[in-house]
Structures are given as C-alpha cells and as structure tokens.
Amino acid sequence: MEVFYYLVFGAMAAVVAALELSKTNKDRINTSSSFNSFKNNYLVVFSIMMAGDWLQGPYVYYLYSTYGFGKGDIGQLFIAGFGSSMLFGTIVGSLADKQGRKRACVTYCIVYILSCITKHSPQYRVLMVGRILGGIATSLLFSAFESWLIAEHNKRNFEQQWLSLTFSKAVFLGNGLVAILSGLFGNLLVDTFSFGPVAPFDAAACFLAIGMAIILTTWSENFGDPSDSKDLMTQFKVAAIAIASDEKIALLGAIQSLFEASMYTFVFLWTPALSPNDEEIPHGFVFATFMLASMLGSSLAARLMARSSLRVENYMQIVFLISAASLLLPITTSVLVTPSKVIGEGLSLTCSIQLLGFCVFEACVGIFWPSIMKMRSQYIPEEARSTIMNFFRVPLNIFVCIVLYNVDAFPITIMFGMCSIFLFVASILQRRLMVISEKPKGEEWSPMKERNSEVDPLNL
C-alpha cells in the first residue's frame with residue numbers, strides 16, 4: 001500500500017489525539033453528575049445503533065454481487081431503499097411524535113433486524129423487501145433518537161448548552177470511532193474468519209438486539225403532541241405549516257438537504273475520483289481515514305460550541321464555503337495537473353491532492369452533524385419534531401434517487417461541480433439564517449403564532 005495513505009492516516013490520528021488531549025477548561029462544559037449519567041446512557045445506545053448501521057454499509061453492494069446481481073439490479077435495490085425512506089419517512093416520523101419516541105427507537109431495532117435477516121436470501125424480491133425495511137429504519141435512526149434525546153433533555157431541565165456536548169460526542173463516537181471499529185470488525189468476520197459476506201449483517205442484528213434491550217430497560221417514553229385530536233394528517237399539516245410560516249425552519253431544512261445531498265453524492269464519487277484508471281486503492285483504509293477526519297471535525301465542533309459567545313449560525317457559513325472549495329478540487333486538479341493515463345499506476349499527484357481535499361470535506365461533515373443538531377434543537381417545535389425532520393429528508397432522497405439512476409450519465413467533474421454549487425448555496429442560506437435569528441423573538445415569532453392559531457384544530 002502507498003506510503004502516502006499511511007502518512008495521511010497517521011497525521012489525521014495525531015491531530016485528533018492532540019485536539020482531544022489539549023482541551024482546556026475553556027473547551028469543556030461544566031455539567032452535573034445526573035446529566036453525565038443520562039448522556040453516557042444515550043451515547044452507549046446511539047453508538048450501538050450506529051454500529052448496527054456501519055457494519056452493513058461496506059458489504060451491501062458486495063453481498064448483492066455475490067448473489068449474481070448486476071449493476072442495474074443493484075442500483076434498483078439501492079433506489080428502493082432511498083425511495084422507501086422518502087415515502088415512509090414522514091409517516092414513521094409522525095408516528096414517533098404521536099405514539100412515542102422510545103417506541104419509535106425500538107421499532108427501528110426491530111425493522112432493521114428484519115432487514116438483516118432478509119440478506120440470507122438470494123431471491124431478488126426478498127432482498128427488495130429488505131431494502132424497503134432498511135429505508136424505513138434509516139428514517140427512524142436519523143429522527144427518532146435525536147427527538148427522544150432533546151425531549152428527554154428538556155424534560156429533565158438540563159442546561160440547553162449541555163445538548164451540544166451530547167451532540168458532539170455522539171458524532172465523535174457514532175460517526176467516527178464506531179465506524180472505524182465496525183469496518184475493522186466486519187473485515188475480520190468476512191476476510192480473516194471467512195464467515196462470508198452475510199456475517200456483518202448477522203453481527204449488526206446482534207448489536208441492534210442488545211441496543212433494544214438497553215432502550216427497553218433504561219429509557220422513559222416521551223411524545224411530541226399525544227393529544228387524541230391530532231391524527232396523522234393533522235400532524236402533517238402542523239409540520240407543513242411550521243415550515244411554511246417560519247423562515248428559520250424552512251432555511252434549516254434547505255441547508256440540511258443541500259449539504260446531505262452533496263455528502264451522499266460524495267459517497268458514490270470518491271472511489272472513481274481516486275482511481276480514474278482502475279488503480280488499486282485500499283478502500284477500507286481510505287474509509288477509516290475519512291472517519292478520522294470526521295472525528296477531527298466533531299472534536300472541533302465541541303470546542304466551538306463550548307464557547308457561549310460563538311453562535312453556531314456564524315461559523316457554519318465558513319464550514320460550508322470550505323466544504324464547497326474541497327469538492328472543487330477534482331475539477332481544479334483536472335485543469336491544472338496533467339492526469340495520468342497509465343492503467344493501474346500508483347497513486348498520482350492529482351489523486352493525492354484530491355485525497356487531502358476529501359479529508360477536509362469529511363472534517364466539515366464532522367462539524368456539520370453536531371452543529372445542525374444544535375440548530376434543530378433551537379428552531380424545530382417539539383410537537384412535530386420527528387415529522388419535520390423527516391420532511392427535510394424528502395428532497396434529499398429524491399435527489400439521491402435521481403443521482404443513482406443517472407450515475408453514468410454525467411462526467412465525474414460535473415457531479416462534483418454540482419455538489420460545490422449546492423454547498424455554496426447552503427452558505428448563502430446559512431448567512432440568511434444568521435441574520436433573521438438575531439431578530440428579537442417577539443418580532444419573529446408573533447406572525448407564526450397567529451397563523452398557527454388560525455389552523456390549529458385545538459384552538460377552534
């Protein structure tokens with residue numbers, strides 16, 4: 001393996017370690033012992049849930065290919081997953097608000113375990129059912145757990161600033177350390193022990209069952225709006241009105257969709273970008289490097305959010321601009337550096353530069369997650385939190401389905417250019433969000449309240 005890969009990985013690990021070990025009192029938030037117990041319980045559960053998700057990711061495509069399916073059939077299976085998340089996501093989100101977030105988290109475990117079981121069948125229809133179940137589970141993973149955390153945090157009257165600590169640690173562990181360990185564990189099961197490509201899915205099911213047991217025994221239930229008068233369609237209406245009547249919520253949804261669309265597109269593009277001539281690249285090692293970069297970003301986010309004088313809305317503009325510039329590198333390097341035409345040659349200068357740029361983008365991803373969580377906790381109303389969060393994912397899933405369907409239709413540079421434009425637009429919208437969020441609360445909220453009172457059936 002190229003020495004450059006080791007150097008980048010080692011440098012990233014050293015920076016992450018230095019950031020964590022060099023924290024001062026200014027970088028830490030003083031909390032209570034009861035909060036620390038609550039936070040640690042959530043982090044254990046969330047890390048286990050993410051392990052169940054990360055174990056599957058690297059082996060989905062590989063498993064389908066071992067069953068003899070071609071690129072077209074596999075693409076349709078992936079589209080089914082994102083389409084399922086789009087179609088059923090808002091429904092399960094509303095049910096989480098209505099029936100309880102703890103129940104929704106348990107449902108996530110059950111649905112994802114069933115999805116893992118389907119991987120044992122080589123039949124296309126069974127695998128399609130598994131992808132649909134996986135799409136539903138993904139919607140719950142990225143809405144129900146966060147909604148439960150925020151509601152429970154507020155119910156226990158913890159300080160609002162302490163939420164940022166839980167968010168940053170959740171990303172550091174769940175999207176960083178756990179991802180790396182899951183990748184290594186999956187590789188151990190498949191390659192070292194030769195248990196086959198379905199083994200990581202069985203391991204994921206075991207982790208999900210353990211997490212479900214902890215949820216059932218240690219979590220209490222909380223709701224958005226449990227009133228009997230609000231059925232599913234009314235929940236949708238309340239969420240839609242909240243988005244339409246409050247510019248901050250609409251901006252937040254647009255920002256999230258633009259960034260996540262770029263992020264998921266990047267997931268499909270980084271492999272061909274680093275191996276344009278079919279070079280052999282260590283996918284698992286590169287993935288681990290990206291996760292280290294994400295950990296670096298979440299560590300930076302923890303420091304930024306620990307400073308009460310610095311608002312999330314301010315620094316995220318810069319983060320979006322940096323991420324836009326990092327995904328422009330494949331375009332600029334193709335113009336400024338003569339690409340190699342030798343098939344199977346080692347890592348070229350162009351790819352080396354791009355790898356560094358992709359690490360910068362992943363660091364921005366690590367900053368983005370806890371920061372967007374913090375903003376969602378501030379702006380999204382509690383009574384329809386899960387519903388609104390899944391509404392935000394609808395345009396994202398539509399876009400990803402379009403990209404998957406047309407992945408071979410556009411040159412890779414065009415795709416990266418499109419992502420950069422999305423991220424630049426996100427920085428502009430973030431600027432607007434910062435400006436209106438600084439307005440006095442009475443001035444910005446009274447119109448929304450007035451409009452909501454006109455349509456809320458509880459006020460009729």
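S371 is a buried residue, its relative accessible area being 0%, and the model in which this value was computed is a predicted one. The protein as a whole is built with 18 helices and zero strands, and 55% of its 460 residues count as buried. Two cavities of 30 Å³ or more are held inside the structure, and the points below take up S371, the overall fold and these cavities in turn.

**Surroundings of S371**

- The helix that contains S371 is α15, which covers residues 349–379.
- Leaving aside residues up to four places away in sequence, S371 touches A301, M305, V312, Y315 and M316.
- L304 stands 67 residues from S371 in sequence, while the C-alpha to C-alpha distance between S371 and L304 is 9.4 Å.
- Because buried means a relative accessible area under 20%, the 0% computed for S371 places this residue in the buried class.

**Protein-wide values**

- Among contacts in the protein with a separation of 6 or more, 88% are accounted for by residues 24 or more positions apart.
- The exposed area of the protein comes to about 19,500 Å², of which carbon and sulfur atoms supply 66%.

**Largest cavity**

- The largest cavity has a volume of about 160 Å³, and of the 15 residues that line this cavity, F46, L141, F142, E146 and M373 are the closest to its centre.
- Two or more lining residues are given to the largest cavity by each of α2 (33–54), α7 (144–155), α8 (161–192) and α15, the last of these being the helix in which S371 lies.
- With four residues, α8 provides the largest share of the lining of the largest cavity.
- By class, the lining of the largest cavity divides into twelve nonpolar residues, one polar residue and two charged residues.
- Domain 1 (39–223) and domain 2 (231–336 + 348–438) each contribute at least three residues to the lining of the largest cavity.

**Second largest cavity**

- The second largest cavity encloses about 40 Å³ of space, and its lining consists of E20, K23, S168, K169, F172, S298, S299 and A302.
- At least two residues of the lining of the second largest cavity come from each of α8 and α12 (283–306).
- The classes represented in the lining of the second largest cavity are two nonpolar, three polar and three charged residues.
- For the second largest cavity, too, at least three lining residues are drawn from each of domain 1 (39–223) and domain 2 (231–336 + 348–438).

Note on methods
Residues are numbered from 1 along each chain as its sequence is written. This is a predicted model: local features need pLDDT of at least 70, side-chain atom pairs count only at pLDDT 80 or more; totals for chains, interfaces and linings use all residues. Side-chain values use heavy atoms; hydrogens and water are left out. Buried means under 20% relative accessible area, exposed over 50%, partly exposed in between (1.4 Å probe, protein chains only). Contact means heavy atoms within 4.5 Å. Accessible areas come from the Shrake-Rupley method with a 1.4 Å probe; for residues, only the protein chains shown count as cover. On a 1 Å grid over the protein atoms alone, a cavity is a set of points where a 1.4 Å probe fits but cannot get out, and a pocket is an open set with protein on both sides within 12 Å along at least five of seven lines; lining residues have an atom within 4 Å of a point. Grid points are joined across faces, edges and corners, and a volume is the space filled by probe spheres set on the points. Ala, Val, Leu, Ile, Met, Phe, Trp, Tyr, Cys and Pro count as nonpolar, Asp, Glu, Lys and Arg as charged, and the others, Gly among them, as polar. Domain bounds come from an automatic or database domain assignment.
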